[in-house]
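Colleague: I am still learning to read structures, and I would be glad of a close look at a single part of this one. Could you take me through one strand slowly, together with what surrounds it?

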Amino acid sequence: MSYPPPPGSGHPYGQPPSQSGWQPQPQWQGPAPVPPPMPAAPPPVPAAPPAHPAPSPYGAYPPPATTGPSPYGAYPPPATTGPSPYGAYPPSATTGPSPYGVYPPPATAVPAPPAPPSGAGGGARKVLGVLLGVSGLLGLLGGGALAAHAYSNSRQSVPNSGAYGPVLWRDETVDHLFPATIGQPPDSTYQASDKKAAQWNRMGVSEDTSCAAGLSGETGKTARRLGCKAVLRATYVDLSGETVATVAVIVLPKGTTAAQQMGEYLDGQQSRDIPDAAVVPLRVPGTLAAKWQESRRNGMGGTGLGDDFPYAVAVTTGAVDGRASSTLPRNFEGNDADRQPWMDAAKALSETFHTHILNLAR
């Protein structure tokens, strides 16, 4: 490349002539280098449509809002080359490098929880669940009906006294007929044999069931006249340990007449100044009733059952320490006032056994 001569210079190359006469030698001149062409502006790259992967069951990120080149770079392609089951970022619209660098690769995506299965399997499970629910409901209803039926049966009063009443004195055990404790129940929720209702404790039971061994005086004569079959006896002491009593269950012929007549006789003894002794005391060695005998009898009482229960209950009471009742002076109200507490205790105990025997047949 040569520079053009300055204006007004006759020298083709712009050098003054030499003063010494030396003439410059002509130099080799090659072709002038052609300056490189200015780079032309790249043609605009048409915006590539966003590449959407195949529909994913779990969705994908949406394509970028702009379609032109981004001056700040673009998201790089995903690290994996294979198709992703969870979608991927779409490629950038520009293909050239970005002068500002690129974003770092995204963090590893956490797989989304699988969608609940659909189709025939889910429908079958629903049907099975409905069937199980219906079966459970039917079971509950059936169980409730069974419980209600059982409760209803338990509340029914089955008439058994007609057949069982006359023979219970042979079929019941000693502990059932003469329980270890007995007392008048405070209400219908208790039995006479319940310990919470106890007023008397059993000392012993007689093995001799003959009418002659169990009853004395006019009481024995009346019972034998009415057809006495057996006399069952047991001795009790009250909770205070001061009163002793022998209870006699008089077994009479089947029917209501004998039991009612025996009951009327025993009731009549309550109003007599000197009642009949009624029951022979049962002595029980080694207990509070070890000295219980005929000479210590102070009171008596009784009642008849009747109907389907051919029994009468007679009771004789006395003091554990042997104290005997006596006639009070005339200035006291009635001359039998000293005997009355013993009479009342005997009558109450006979009524307790009346209730107890009726409950045994139910």
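Modeller: What follows is a walk along strand β4 and then outward to its surroundings. Please keep in mind from the start that this is a predicted model.

Strand β4 covers residues 243-251, and because nine of its nine residues are buried, the strand is largely enclosed by the rest of the structure. To see how the burial is arranged, it helps to recall that in a regular strand the side chains alternate between the two faces of the sheet. In β4 both faces are covered: on one side lie Thr 243, Ala 245, Val 247, Val 249 and Val 251, on the other lie Val 244, Thr 246, Ala 248 and Ile 250, and all of these are buried.

Now consider the strands that pair with β4. Strand β3, residues 230-238, pairs with β4 in the antiparallel sense over eight bridges. These two strands form a hairpin with four residues between them, and in this hairpin Gly 241 takes a positive phi near 75°. Strand β6, residues 309-319, also runs antiparallel to β4 and is joined to it by nine bridges. One bridge to follow in the picture is that of Val 244, whose partner in β6 is Gly 318.

On the β3 side, a good residue to pause at is Thr 235, which sits in strand β3 and has Thr 246 as its bridge partner in β4. Is Thr 235 buried or exposed? With a relative accessible area of 0%, Thr 235 is buried, since the cut-off for that word is under 20%. Leaving aside residues up to four places away in sequence, Thr 235 touches Val 244, Ala 245 and Thr 246, and its other contacts include Asn 201, Met 203, Leu 282 and Trp 292.

A wider view brings in the largest nonpolar core, which has 27 residues, and in which Leu 168, Phe 178 and Tyr 311 touch the most other members. Strands β3, β4 and β6 each supply at least two residues of this core, as do α3 and α8. Helix α8 gives the most, with five residues. There is also a second, separate core of 20 residues, with Leu 215, Cys 228, Val 231 and Ala 258 among them.

Finally, for contrast with the buried strand, look at Asp 308, found in the loop between β5 and β6. Asp 308 is partly exposed, with a relative accessible area of 34%. The C-alpha atom of Asp 308 is separated by 6.5 Å from that of Pro 166, although these two residues are 142 residues apart along the chain.

Definitions and conventions:
Residues are numbered from 1 along each chain as its sequence is written. This is a predicted model: local features need pLDDT of at least 70, side-chain atom pairs count only at pLDDT 80 or more; totals for chains, interfaces and linings use all residues. Side-chain values use heavy atoms; hydrogens and water are left out. Buried means under 20% relative accessible area, exposed over 50%, partly exposed in between (1.4 Å probe, protein chains only). Two strands pair if DSSP finds at least two bridges between them. A nonpolar core is a set of buried Ala, Val, Leu, Ile, Met, Phe, Trp, Tyr and Cys residues joined through side-chain atoms within 4.5 Å. Contact means heavy atoms within 4.5 Å.
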